[in-house]
Amino acid sequence: PVTRVRLQGVGHVKVHQHRPVVGKVKTVSVKREGRRWYVILTAEQTAPEPLPQTGSMVGIDMGITNFLADSGGEFVPNPRHGAKAAARLEAAQQALARCKRGSRRRRKAVEVVARLHRKVRRQRLDHAHKTALGLVREHDFIAHEDLRIRNMSKAPAPKPDPATPGSFLPNGAAAKAGLNRSIADAGWGVFLTILTAKAACAGREVMAVDPRNTSRRCPQCGHTAKENRPTQEKFHCVSCGHHAHADTVGALNVLRAGLVRREAQPA
Ligand SMILES: [Zn+2]
């Protein structure tokens, strides 16, 4: 919806309101991003009431195919618009890479890339809010992978193009995989930030755990081996024969690691 904001020394300006203002407005600031201007409001809210206990605990495993899998066997798919936007962003970045430095076409291409980045960011935020809200409503305790540890063991990120902020130097398949990866990583980071904030408001407990080995350990018998995971999606224990979706197994192990860590913490 279009609304009006009065800015000191500027007067009334028309703005697109992205989300309703909840609470009493405390500060107003103005920020420029490319050719767009943003009005940022901070508001004071009365302390939210903690949600009633549900007696439920959950572990989550974040992935590319599914945004997340939980220890109860449920999946939150990656939003379709996410993949679509990523493909368009990739095409826009390739077009940008073909433009001559300093040309008019290049300036336009930079604008297109920036616009797509903004769109991805808004959609990601919306999806993250919905997913986090669902988890916080249903569970008292939420364990997730520690992304800082996880990222250390992953493929290198694509190299940013120093001439054009927000775009990447082309390096073939690695750049594509890296770009998908970096978009996903950013999505999880945003999601975990929102999850942690919502959980704090609701009086829920969130625990980050070391993700290493969470995909190899059998939740039935404890046998841990690389061979337990024949494919990306399948888990099949070579010791007891237990089989399940690999991401569900990952989420169960994340929950287990979270509970172990909670036990170890001083009360
Ligand atoms: Zn087993």
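These exercises walk through a predicted model of a protein chain with a zinc ion.

Residues are numbered from 1 along each chain as its sequence is written. In this predicted model, local features need pLDDT of at least 70 and side-chain atom pairs count only at pLDDT 80 or more, while totals for chains, interfaces and linings use all residues, and side-chain values use heavy atoms, with hydrogens and water left out.

**Exercise 1. Take stock of the chain**

Task: Find how many helices and strands the protein chain has, and what share of its residues is buried.

Solution:
- Step 1. Look for the elements: the protein chain has five helices and eleven strands. Helices (H or I, at least four residues) and strands (E, at least two) are DSSP runs, numbered from the N terminus.
- Step 2. Turn to burial: of the 267 residues in the protein chain, 33% are buried. Buried means under 20% relative accessible area, exposed means over 50%, and partly exposed lies in between (1.4 Å probe, protein chains only).
- Step 3. Now the surface: about 16900 Å² of the protein chain is exposed, and carbon and sulfur atoms supply 54% of that area. Accessible areas come from the Shrake-Rupley method with a 1.4 Å probe; for residues, only the protein chains shown count as cover.

**Exercise 2. Trace the open sheet**

Task: Work out the order of the five strands in the open sheet and say which strands stand at its edges.

Solution:
- Step 1. Follow the neighbours: the order is β7-β6-β5-β8-β9, with mixed pairing. Two strands pair if DSSP finds at least two bridges between them.
- Step 2. Find the ends: β7 (75–77) and β9 (205–209) each have a single partner strand, so one side of each lacks a neighbour in the sheet. From one strand to the next, the twist averages 20°.
- Step 3. Check the antiparallel pairs. β5 and β6 pair over three bridges, and I60 stands opposite D70 in β6. Three bridges also join β6 to β7, where A69 stands opposite F75.
- Step 4. Look at the turns: the hairpin of β5 and β6 has three residues between its strands. In the hairpin of β6 and β7, with four residues between the strands, G73 has a positive phi near 90°.
- Step 5. Compare with the parallel pair: strand β8 (residues 141–145) is joined to β9 by five bridges, and I142 has V206 in β9 as its bridge partner.

**Exercise 3. See what packs on the sheet**

Task: Identify which strands helix α2 lies across and which strands helix α5 touches.

Solution:
- Step 1. Start with α2 (residues 104–138): this helix lies across β5 (57–62), β6 (66–70), β7 and β8, and runs at about 5° to β6. Axes here are lines fitted to C-alpha atoms, for helices over the stretch in contact, and angles run from 0 to 180 degrees between N-to-C directions.
- Step 2. Add α5 (residues 246–264), which packs on the sheet and touches β5, β6, β7, β8 and β9; the directions of α5 and β5 make an angle of about 125°. Contact means heavy atoms within 4.5 Å.
- Step 3. Look at β6 itself: five of its five residues are buried.

**Exercise 4. Explore the zinc site**

Task: Name the protein donors of the zinc ion and explain why their arrangement is tetrahedral.

Solution:
- Step 1. List the donors: the SG atoms of C218, C221, C237 and C240 lie 2.3 Å from the zinc ion. Donors are N, O and S atoms within 2.8 Å of the metal (3.2 Å for Na, K and Ca); water is not among the atoms, so sites may look incomplete.
- Step 2. Check the angles: the four donor atoms subtend 106 to 113° around the zinc ion, which makes the arrangement tetrahedral. Four donors count as tetrahedral if all angles lie between 85 and 135 degrees. For reference, ideal angles for four tetrahedral donors are 109.5 degrees.
- Step 3. Read the spacing in sequence: C-x2-C-x15-C-x2-C. C221, in the loop between β9 and β10 (234–236), and C237, in the loop between β10 and β11 (243–245), are 16 residues apart and link distant parts of the chain.
- Step 4. Compare their surroundings: C221 is partly exposed at a relative accessible area of 40%, whereas C237 is buried at 3%.

Definitions and conventions: Four donors count as tetrahedral if all angles lie between 85 and 135 degrees; four count as square planar and six as octahedral if opposite donors are over 155 degrees apart and all others between 65 and 115; anything else is irregular.
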